Structure formats: structure tokens, C-alpha cells
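The exercises below ask you to read strand pairing, disulfide geometry and helix packing from a set of coordinates. Each task is followed by a solution that proceeds step by step.

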Amino acid sequence: MRCLLILCCGLLLASAVNLPGVPVDFDLDDKVLSAIADDVAGRLEEEYMTFLKTGVETPAFKKLTHQLAKAHSKKDMFTKSMADLEPRDSFVACTLCRSVINVMMRTVREEDGALNGENSSKIMKDIAMDVCRRLELQTEEVCEGVIDAEQPTVEYIMRNSDMDSDSFCSLFMGITFCDKGKSPQYNWTLNVDSNAEAMTASKSDTPRHSDSDIKICQFTDIHHDPLYEAGSLASCNEPMCCQRKKEDVEGTSDAAGFWGDYRDCDLPWRSFESALDHAAKTEECTYIYQTGDVVDHMVWATSVKKNTEVLTKVSNQFSKVFPNVNVYPCIGNHEPHPLNNFSPEFVPDEVNTRWLYEHLYNDWKQWLPAETEETILRGGYYTVSPRKGFRIIALNSNGCYTDNLWLYHNGTDKIPQLQWFHDTLLAAEANGEKVHVLSHIPSGDGTCWAVWAREYNRCITRFHKTISGIFHGHSHKDELFVHYSDEGHATAVAWNGGALTTYSYKNPNYRVYDVDAETFDVTNHRTYIFDLNEANKNPEQQPNWLLEYEFIKEFTEDTSPAGIDKLLDELADKPALMRKFWRFKVTSAEPQVTGGCDRHCLARSLCRAAVTVNDQTSRCEELRERLFKALDKEEPEYDDDDDDGAAALGVLSLTSLLAIVLSVRVGF
């Protein structure tokens with residue numbers, strides 16, 4: 001989920017959720033729109049600088065800020081990633097990013113700048129709070145909480161980097177029209193060993209499922225909320241609900257359910273306990289993968305104390321329920337305080353993330369050998385060999401996360417972990433080991449920096465014979481991703497285990513993989529869920545966990561990269577199969593299934609599976625074209641009446657947006 005990265009510049013944004021009605025016929029790579037945003041941003045910057053120096057709000061300044069305040073959706077700005085924002089929100093985000101970042105940097109770096117004096121921290125907070133109020137971005141409590149948490153890091157980075165607004169906003173909104181920055185330190189290449197045979201075809205040697213396979217259980221995106229209260233308000237203005245105002249809503253449709261809630265709420269402890277207990281009784285887990293995001297979405301009220309208490313409590317529960325099973329965790333973006341921020345080693349203690357790495361090592365050392373301490377303390381990553389011939393590499397993929405403020409401090413300090421990843425794979429290859437890679441954020445996610453993802457993918461291609469499984473979380477969706485070489489050969493499959501949290505509009509789930517005991521390839525997987533509506537009708541009973549589906553029975557027995565690549569073709573050619581794939585993606589949650597998935601929703605879901613570097617989309621485009629042709633051939637009763645409306649909305653949004661922008665410009 002997104003940290004409210006630019007709140008001090010006026011934006012608060014969070015994780016990937018697709019909501020109905022998103023325009024589709026709007027080109028977010030439109031250079032004309034980018035130029036308009038740049039023009040408006042420049043005018044806003046100058047007006048704001050004038051306001052800071054004189055205290056006078058000109059009529060043009062009032063009109064512009066009023067127009068921008070009314071142009072964005074309030075809560076969606078907290079519950080969508082940049083890649084999923086509506087065009088109007090993308091426009092406002094880009095405009096504010098470019099303008100207010102420049103305001104901040106000018107006031108910090110110019111000799112007579114307002115942020116160069118003794119009261120610079122107070123003035124910076126005042127500016128950020130003014131932007132938040134003026135543009136009606138969120139509640140006072142949320143704005144102040146995020147600003148207080150993020151401000152020390154923001155100040156340090158602004159004073160100790162050469163980042164400009166174009167580079168900053170290009171990285172932050174990397175796959176939208178806002179991307180126009182070209183900074184050399186943000187376009188490096190990794191040293192990748194070239195002593196391997198070139199691929200001539202997709203990887204296809206994965207064994208079929210057998211009774212001798214071992215079982216690996218995956219729990220991801222737990223997001224335990226220690227303040228969850230059944231009966232409290234589940235529909236609130238803040239980014240997360242289900243904590244307050246029980247006296248006002250208990251017994252109404254706005255009240256939070258006992259076992260969780262489909263709305264913007266995280267997981268009560270009892271539901272986490274129920275998941276582990278069910279897995280322990282149902283499956284014989286050889287190993288457990290915990291792929292990050294243990295902490296909740298109350299992003300404006302994190303703290304070292306709160307986060308560490310939750311992290312330790314969850315780790316202890318794994319040990320309690322699975323005393324004889326090793327758990328292999330990796331770090332999610334919600335673990336640190338402040339949210340999303342993972343610093344380099346050398347920065348001052350007050351903005352350093354080392355405290356988190358130290359705490360996690362103390363929690364994790366019950367499952368890990370002592371030699372993992374060095375890299376965990378260095379950057380939150382490690383490698384371990386649970387048995388002969390098998391190695392696990394757990395990465396801290398927050399080095400690619402565009403909500404990680406430290407990405408804007410220096411683009412090259414993300415190289416060492418990836419180089420270590422490469423070197424560890426090279427050693428594993430020499431030792432004849434097979435490798436599983438754990439990484440919270442999928443490399444093709446819209447919030448994963450494309451340069452990092454590109455170099456990571458080069459490692460996947462180079463060591464495709466060594467890597468036998470990749471495991472992710474982060475998106476809260478049941479997904480898979482096919483990695484491709486530059487020549488288009490399928491090299492690996494990455495599996496995403498969904499999420500235990502219900503945030504947002506999903507059933508809790510966990511995943512069990514069948515893995516070949518010799519090659520350690522994934523040969524099958526099963527997903528368990530419980531229906532949240534049904535569970536909440538019977539709060540006195542344990543939820544009815546059920547097997548939602550088994551992959552090889554629903555889709556294909558060939559789980560090799562070549563087999564899954566072929567499955568993508570079948571999904572494109574068979575809309576009914578694609579709809580089933582989407583239903584499982586959203587954990588068969590009633591609000592999602594009732595809302596349905598139109599042709600553009602289906603295409604987005606299919607494209608997600610074919611993109612592992614977010615600016616390399618040729619396979620996606622091929623599949624989308626095939627899917628649309630297949631949908632066009634369907635019988636009329638399968639047509640989606642909303643498609644034309646969605647397209648019309650895209651055109652309407654473009655027209656309305658340009659009208660707003662032009663009306664603002666006329667006012668100057």
C-alpha cells in the first residue's frame with residue numbers, strides 16, 4: 001500500500017485497489033496533458049512562493065487551489081496506487097508533485113528561503129498542513145500524523161540530495177504521463193555473469209504434481225490491526241476504519257463485522273489465529289513463507305513501539321502454532337515507522353531504519369542461522385539453505401518501491417542488494433542448488449521502479465535454471481506473473497499468495513504449494529478462504545474455512561513457465577476461463593463478484609500476469625488484443641453493457657479535465 005508519500009507536498013496515496021468506473025480511453029502518456037500539468041504546476045509554484053513571502057493570497061491563487069481541491073477524489077487518493085488512479089487524480093497528483101516539491105526545495109536551498117532559518121521545521125510543517133487543508137486532502141488528524149512522521153526524513157533528503165521535482169515526480173509516477181525526468185544515477189545496469197547458454201525456448205522442464213511433493217504454506221499481508229473493534233464504524237473518511245464510534249453505529253449496516261469487514265479495515269487478531277489453526281490442522285507445512293506486511297494500514301499513527309509489538313506478537317503466534325516448522329519471512333513496506341521508508345546504512349540514527357532490522361533479526365533468529373544477521377542488519381535481506389540442494393533468498397524489495405522516500409535520496413545505493421542477489425545465485429548455481437526467491441513487492445507492480453525491476457529480471461533470466469520458485473505478496477490479490485527474457489522466452493513464474501487481511505473487499509486467504517522434493521519446482525497450489533459475510537453472521541462460531549480452488553484442477557497441470565505462458569494464451573482466447581481466473585484473484589468476495597469485471601477489468605487482470613517490468617508491456621498488449629477479439633465474438637447475453645459507458649466516461653473525463661485546466665488558466 002502507498003505511504004502518503006507527498007503529503008508534505010500535498011498528496012496522500014496508498015496501495016493498489018481497482019474500483020468500478022475508472023476511465024479507460026485516456027492516454028496517461030499524453031505529452032500534451034503533461035505539458036498542461038507542467039504549466040499549471042509552474043503557476044501554482046510561483047503563486048505559492050508569493051504567498052509564503054507576502055502572506056497575500058491573490059485571486060488567481062485562490063481560484064487555482066479551489067479548482068484542484070474539487071478536482072480529485074478524496075478517499076481514492078489513499079486507497080489506490082499511482083498506476084490505478086483515475087485521470088483526474090493523476091493530473092492533480094502530478095501537478096501538486098511538480099509544484100510543491102519545487103516550493104519545498106526552493107525554500108530549503110535558496111539562501112533567503114523560508115526553510116533556511118531557525119524555525120525551518122515548523123515552517124515546513126505549516127506549509128504541508130496548509131496544502132492539506134487548502135486542497136482538502138484528508139482529515140486534520142491524518143494530515144498531521146503523516147507529516148509528523150515523515151518530516152524528518154523529507155528534510156534530510158531535501159538538504160542532502162540534488163533531486164529536482166522532475167526526477168522526483170517521474171520516479172513517483174513512473175508509468176504515467178508525469179514521467180519526464182532523465183537522471184543518470186537512476187538508470188544504471190548490474191554486472192550480470194554472461195557465462196551461460198542463451199535461451200532458445202521457454203523453460204518447460206517442471207515435473208508434474210505427485211504425492212511425494214513437500215508442502216510450503218504461504219501467509220502474506222496479515223495486516224493485523226490491534227485496535228480493531230467489532231461493531232465500530234466501518235465506513236469512515238480516514239484511510240482505515242473499524243476502530244471508532246461503536247456507540248454511534250453498532251447494530252447498523254455501518255458497523256464492523258466480528259471476524260473482519262470488507263470495507264477499508266484490517267484483520268482482527270482472532271481471524272489471524274483462526275487461519276493458523278486451520279492450516280495446522282489441515283496441511284502438513286514443511287516450511288512457511290511469510291511474505292511481508294504484518295503491520296496495519298493506519299498509516300498516520302504508526303510508531304516504533306506499536307509496530308514492533310505487532311511484529312513480535314505475530315512471530316510468536318507462528319512459533320506457538322507451528323513449533324516444529326521453520327518460518328522464512330521477508331519485509332513488507334508497512335513494517336517501518338515512518339511507513340515505507342528504508343534508509344541506507346550511513347544516515348543519522350534519527351532517520352535510520354537499522355532499528356527495524358535489529359528488531360526483525362531478534363524475532364526471526366529462532367528460524368534463521370547466525371550468518372544471516374549481517375545482511376539483515378545491513379538491509380533486511382538474507383539467504384539460508386534449509387536442506388541440501390535447496391536455498392531460499394529473501395529480498396527486501398522496498399528498494400524498488402516508489403513510495404520509499406529514500407529512493408529519492410540516491411539512485412545507486414539500491415545496487416548492492418541486487419548485486420548480492422546476483423552473486424548468491426551464481427554461487428548457488430555453482431553448488432547445484434535450486435533457489436526460491438521471497439520478495440514482498442512483485443517486480444511488475446506499478447509502484448516498483450522500472451530500472452530496479454529491469455535489472456532484477458536480468459538476474460531471473462540469467463539464472464532461470466537455478467530459480468525454481470518466486471513468491472510475492474503486496475497486492476492483496478491471488479495472482480501469478482510470468483517473467484520473460486528479452487527474446488520473449490518464459491523464464492520463471494512468480495506466485496502471489498493474496499492476503500489474510502480483508503483490506504479491501506476480499507475474503508481472508510492463505511495458500512499451500514506442492515513442491516517437487518528434488519527440483520523444488522511448484523507443481524500445484526491450493527487456496528483456502530472463509531466467506532466473510534457468512535462468518536460474521538455467526539460470531540460465536542469459528543469461520544468455515546474452505547478450499548476455494550486447486551490450481552491444476554481449474555487451469556493446467558503444466559506449472560512450468562512455458563505452461564503458464566500457454567495458460568495466458570488460453571485465458572485470452574477463452575473469456576469464461578478468464579472470468580474464473582479473475583474470480584479467484586479477488587478471493588470470490590461477494591462485493592467483488594457482485595460488482596463484476598468488464599472487458600477492461602479482465603484485460604488489466606490478464607496484463608498483470610504478463611508484466612514483470614512495468615514499462616515492458618508487449619506481451620500484455622498482444623494478450624489484450626486477443627482477449628478483446630474473443631469477447632467480441634461472445635453471444636450477446638455475455639456482453640457487458642457497462643463497457644460503452646466506461647469508454648464514454650474516459651472521453652468525458654478528458655473533456656472535463658481540460659475544461660477545468662483551461663478555466664484555471666484564463667483566470668491568470
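**Exercise 1.** Determine how strand 4 and strand 5 are connected, and then describe the pairing and burial of strand 5.

*Solution.* Step one is the connection: strand 4 and strand 5 form a hairpin with two residues between them, and G389 in the turn has a positive phi of about 85°. Strands and helices here are DSSP runs, numbered from the N terminus, with E over at least two residues for a strand and H or I over at least four residues for a helix. This is a predicted model, in which local features need pLDDT of at least 70 and side-chain atom pairs count only at pLDDT 80 or more, while totals for chains, interfaces and linings use all residues. Residues are numbered from 1 along each chain as its sequence is written, and side-chain values use heavy atoms, with hydrogens and water left out.

Step two is the pairing, for which DSSP must find at least two bridges between two strands. Strand 4 (residues 382-387) runs antiparallel to strand 5 and is joined to it by four bridges, with R387 standing opposite F390 of strand 5. Strand 6 (residues 434-438), by contrast, runs parallel to strand 5 and is joined to it by five bridges, and here R391 stands opposite V435. Between strand 5 and strand 6 the chain passes through helix 13 (residues 415-430), and this β-α-β crossover is right-handed (with the strands pointing away from the viewer, the path from the first strand over the helix to the second runs clockwise).

Step three is burial, where buried means under 20% relative accessible area, exposed over 50%, and partly exposed in between, with a 1.4 Å probe and protein chains only. Five of the five residues of strand 5 (residues 390-394) are buried: F390, I392 and A394 point one way, R391 and I393 the other.

**Exercise 2.** Count the disulfides, and for three of them, C217 with C285, C242 with C265 and C400 with C448, assign the handedness and locate the partners.

*Solution.* Taking a disulfide as a pair of cysteine sulfur atoms within 2.5 Å, the count comes to seven.

- For C217 and C285 the sulfur atoms are 2.0 Å apart, and with -85° about the S-S bond the link is left-handed. It connects distant parts of the chain, 68 residues apart, with C217 in strand 1 (residues 214-219) and C285 in the loop between helix 9 (269-282) and strand 2 (287-290). Both C217 and C285 are buried.
- For C242 and C265 the S to S distance is 2.0 Å, and because the torsion about the S-S bond is about 70°, this disulfide is right-handed. C242 lies in the loop between strand 1 and helix 8 (246-249) and C265 in the loop between helix 8 and helix 9, so the pair ties together parts that are 23 residues apart in sequence. The relative accessible area is 0% for C242 and 0% for C265, and C242 and C265 therefore count as buried.
- For C400 and C448 the S to S distance is 2.2 Å, and the torsion of about -130° makes the disulfide left-handed. C400 lies in the loop between strand 5 and helix 13, and C448 in the loop between strand 6 and helix 14 (450-462), so parts that are 48 residues apart in sequence are tied together. Both C400 and C448 are buried.

**Exercise 3.** Find which residues of helix 21 are buried, and which elements they pack against.

*Solution.* Begin with the geometry: helix 21 (residues 618-632) has 15 residues and reaches 21 Å from its first C-alpha to its last, close to the expected 21 Å (1.5 Å times one less than the number of residues). Its buried residues are R619, C620, L623, L627, F628, A630 and L631. Seen down the axis, these fall within an arc of 160°, so they line one face of the helix (the arc is that of the directions from the helix axis to the C-beta atoms). The face turned away from the buried side carries the exposed residues S618 and D632.

Next, with contact taken as heavy atoms within 4.5 Å, the buried residues of helix 21 pack against strand 8 (478-484), helix 17 (561-573), helix 18 (575-585) and helix 20 (599-610).

Finally, consider strand 8 itself: seven of its seven residues are buried, so it is largely enclosed by the rest of the structure. Strand 8 pairs with strand 9 (residues 490-497) in the antiparallel sense over seven bridges, and H483 stands opposite A492 of strand 9.
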